[in-house]
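Please open the model in your viewer and keep the selection tool at hand. The stops below go from the whole chain to single side chains.

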Amino acid sequence: MKKLVIGAAAAAAVTIALAATGYAQDAQSPGYMIANYTIKDQAGYDKYMEEAGPLAPKFGGKIIVFNLNATAVEGEPKKVMAIAEFPSVADAQRFYNSPEYTAARKFRVASTEGSVIITEGFVPQQ
């Protein structure tokens, strides 16, 4: 019984915390693929752009940020910043793991140094 009460209290605390931040759990959050890298081989990167460029819309995505020379204001991020928005995290993952993007991705991996993440977006409470 004691574990049940503690579990219920923890669940209530999480619910209150989410409500306090204005996060709408029932709304579908967009998914974002965020890439931050430095180009090491321009020819290889050009091949990546040629193959990957037209793919995001096929998965419901759109490029919302693409800057080859982003300005750092804190820390030491890489030069290129790219953000693609998808209807959901599942859509972003479908894009990333698709055969088409997997074939293109090998050129980016070989020609750049950096990171790519997929994350859920924030949906404010209505």
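The tour starts with the whole chain, then visits one helix and one surface patch.

This is a predicted model, in which local features need pLDDT of at least 70 and side-chain atom pairs count only at pLDDT 80 or more, while totals for chains, interfaces and linings use all residues. Residues are numbered from 1 along each chain as its sequence is written, and side-chain values use heavy atoms, with hydrogens and water left out.

Select the whole chain, coloured by secondary structure: its four helices and four strands follow the order α-β-α-β-β-α-α-β from the N terminus, where helices (H or I, at least four residues) and strands (E, at least two) are DSSP runs. Of the 126 residues, 30% are buried, that is, under 20% relative accessible area with a 1.4 Å probe and protein chains only.

Next, select helix α3, residues 89-97, whose buried residues are Asp 91, Ala 92 and Phe 95. These three lie on the same side of α3, because they cover an arc of only 100° around the axis, taken from the directions from the helix axis to the C-beta atoms. Add β1 (31-39), β3 (80-86), α4 (99-111) and β4 (112-120), against which the buried residues of α3 pack. At the start of α3, look for the side-chain oxygen of Ser 88 that comes within 3.4 Å of the backbone nitrogen of Ala 90.

Finally, move to strand β2 (residues 62-67) and pick Phe 66, which is partly exposed at 39% relative accessible area, the class between 20% and 50%.

Key: Contact means heavy atoms within 4.5 Å. A polar contact is a pair of N or O atoms within 3.5 Å; within protein, one must be able to donate a hydrogen and the other to accept it, and residues adjacent in sequence count only if both atoms are side-chain atoms.
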